[in-house]
Amino acid sequence: MARAAGLAEPGGAPRPTIFAEMTALAQREGAVNLGQGFPDVDGPEWIREAAVQAIRDGVNQYAPGAGLPPLREAIAAHQREHYGIAVDPDTQVLATTGATEAIAASILALAGPGEEVLTIEPYYDSYAASIAMAGATHTTVPLIPTAEGFRLDTEALRGAVTDRTRLILVNTPHNPTGTVLRRPELEAIAEQARRVDAVVITDEVYEHLTYDGAAHLPMAALPGMGERTLTISSSGKTFSLTGWKVGWVTGPAHLITAVSTVKQFLTYTSGAPFQIAIARALTEGRADVSALREGLQRRRDLLVAGLREVGFGAVVPEGTYFVCADASPFLTPQLPDGAALARALPRLAGVAGVPISAFCVPGSDTADALGSWLRFTFVKREDVLAEGIERLGRLTG
Ligand SMILES: *Cc1c(COP(=O)(O)O)cnc(C)c1O
């Protein structure tokens, strides 16, 4: 059977993602869309102007497949300055069409039929699709809600990693839970990767969006892990420019070569003028990133407090754009779980959120355990969040 069939509706049309479905529903019902995580304020004007200038300067033809040299150099400098990770901009950095392409190309390059790709569950939706397109088997290890937030189930991890595990795909800071994995959690994953000689792929697109001093720790910074880790990030979240799709992957040269081989036949190359602008943003944009982080922390606090006031059991996220909230108090025989509540919420309250079960293997234990949870985003203006919270009050009113 064609691999796309698993990603489609029975009639053959692409199945809309849950985010597209909830956004469409929110639009139809005039709801405040706290479902899909994109900023409602664009990134800094000077970065946008840099892209305009690059277009005027004639940076309008194919960039080299690996990315324009100034971008690759800025990415290498970023890894060195923030984390002390050394990568050669010529052989260990690949610019991609967003993190999404880096994830897909990495999985397609390194895993295939008969091999397992382990992800954390819940997981970002493109992971399952990319693993399916590679014909590999998707296995998972859960994050479980604790007094310390959602934490990796390190006991389950040992059992989930087998001789067939080729890749371990880590996401920290984690979407949807907002967990920033701590050193012991990362060490437990590293230990298992070494045990079965697996490659680790880490999705770090929220690396700069952490709160209350929680520090992002890249897997590649752990002793001995640089040689078996592909580190993926993107400018979309860091600079509130999600439409530009400038992402990258860094790691050992032989793995980057393998990923480049796939990437060249997916998109060949991407967005030359945007690459120039992001090279500058990475080099000169630290103050903008700090301001975004501070603003997001304030908005996170607003949304968490509002959700709790209304009666949701909200977990304070350490990073990302998202809050997970237990909606148990609002479930009824007619709306028995988070998925049913999410579909009804735009009509009932005029707000859209996404059920956490959409980030789980259908019917899995984790989908069941988190069946009453919803994800809401706080990457919206404060007045939009305030309006959303007021409307959620209708659930109890
Ligand atoms: C948004 C997001 C991505 C996609 O990044 P792009 O650069 O837009 O492709 C990947 N992973 C996670 C966890 C995300 O939230």
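**Exercise 1. Two helices that cross**

Find how helix α4 (residues 98–110) and helix α9 (residues 253–266) are set against each other, and which residues meet.

*Solution.* Start with the axes: those of α4 and α9 come within 8 Å and cross at roughly 110 degrees. Keep in mind that you are looking at a predicted model. Next, turn the angle into a word. Angles of 65 to 115 degrees count as roughly perpendicular. The two helices, α4 and α9, are therefore roughly perpendicular to each other. Then look at the hand: the crossing of α4 past α9 is right-handed. Now pick out the residues. From α4 come E101, A105, S106, L108, A109 and L110, and they meet L255, A258, V259, V262, K263 and L266 of α9. Finally, sort the contact of α4 with α9 by class: 9 residues are nonpolar, 1 is polar and 2 are charged.

**Exercise 2. A pair from distant parts of the numbering**

Work out the angle at which helix α1 (residues 18–29) packs with helix α12 (residues 338–348), and describe their contact.

*Solution.* The angle is about 20 degrees, and the axes of α1 and α12 are 9 Å apart. Angles under 35 degrees count as roughly parallel. That is why α1 and α12 are described as roughly parallel to each other. As for the hand, α1 passes α12 in a right-handed crossing. On the α1 side, the contact is made by I18, E21, M22, L25 and E29, while α12 brings A342, R343, P346 and R347. Sorted by class, this contact of α1 with α12 has 5 nonpolar and 4 charged residues, with no polar ones.

**Exercise 3. Another helix pair**

Decide whether the crossing of α3 and α10 is left-handed or right-handed, then list the residues in contact.

*Solution.* Begin by locating the helices: α3 covers residues 69–83 and α10 covers residues 272–284. They pack at an angle of about 25 degrees, with axes 8 Å apart. Using the cut-off of under 35 degrees, α3 and α10 are therefore roughly parallel to each other. Their crossing is left-handed. The contact involves P70, L71, A74, I75 and H78 of α3, together with Q275, I276, I278, A279, L282 and T283 of α10. By class, the contact of α3 with α10 holds 8 nonpolar residues, 3 polar residues and no charged ones.

**Exercise 4. A space inside**

Find the largest cavity and say which residues line it.

*Solution.* First, count: there is 1 cavity of 30 Å³ or more. The largest cavity holds about 40 Å³ of space. Walk along its lining and you meet L118, T119, I120, V141, L152, L157, I168, L169, V170 and I189. Now ask which strands take part: β3 (116–121) and β6 (165–171) each supply at least two of the lining residues. Last, sort the lining by class, which gives 9 nonpolar residues, 1 polar residue and no charged residues.

**Exercise 5. Special spots in the backbone**

Locate the cis peptide bonds before P122 and P173, and the positive phi of D197.

*Solution.* Take P122 to begin with: a cis peptide bond joins E121 to P122, with omega about 5 degrees. P122 sits in the loop between β3 and α5 (125–134). Next comes P173, joined to T172 by a cis peptide bond with omega about -15 degrees. P173 is found in the loop between β6 and α7 (183–196). Finally, D197 is not a glycine, yet its phi is positive, at about 60 degrees. D197 belongs to the loop between α7 and β7 (199–203).

Notes
Residues are numbered from 1 along each chain as its sequence is written. This is a predicted model: local features need pLDDT of at least 70, side-chain atom pairs count only at pLDDT 80 or more; totals for chains, interfaces and linings use all residues. Side-chain values use heavy atoms; hydrogens and water are left out. On a 1 Å grid over the protein atoms alone, a cavity is a set of points where a 1.4 Å probe fits but cannot get out, and a pocket is an open set with protein on both sides within 12 Å along at least five of seven lines; lining residues have an atom within 4 Å of a point. Grid points are joined across faces, edges and corners, and a volume is the space filled by probe spheres set on the points. Helices (H or I, at least four residues) and strands (E, at least two) are DSSP runs, numbered from the N terminus. Ala, Val, Leu, Ile, Met, Phe, Trp, Tyr, Cys and Pro count as nonpolar, Asp, Glu, Lys and Arg as charged, and the others, Gly among them, as polar. Axes are lines fitted to C-alpha atoms, for helices over the stretch in contact, and angles run from 0 to 180 degrees between N-to-C directions. Angles under 35 degrees count as roughly parallel, over 145 as roughly antiparallel, 65 to 115 as roughly perpendicular and the rest as oblique. A crossing is left-handed if the near helix is turned anticlockwise from the far one by less than a right angle, and right-handed if clockwise. Contact means heavy atoms within 4.5 Å.
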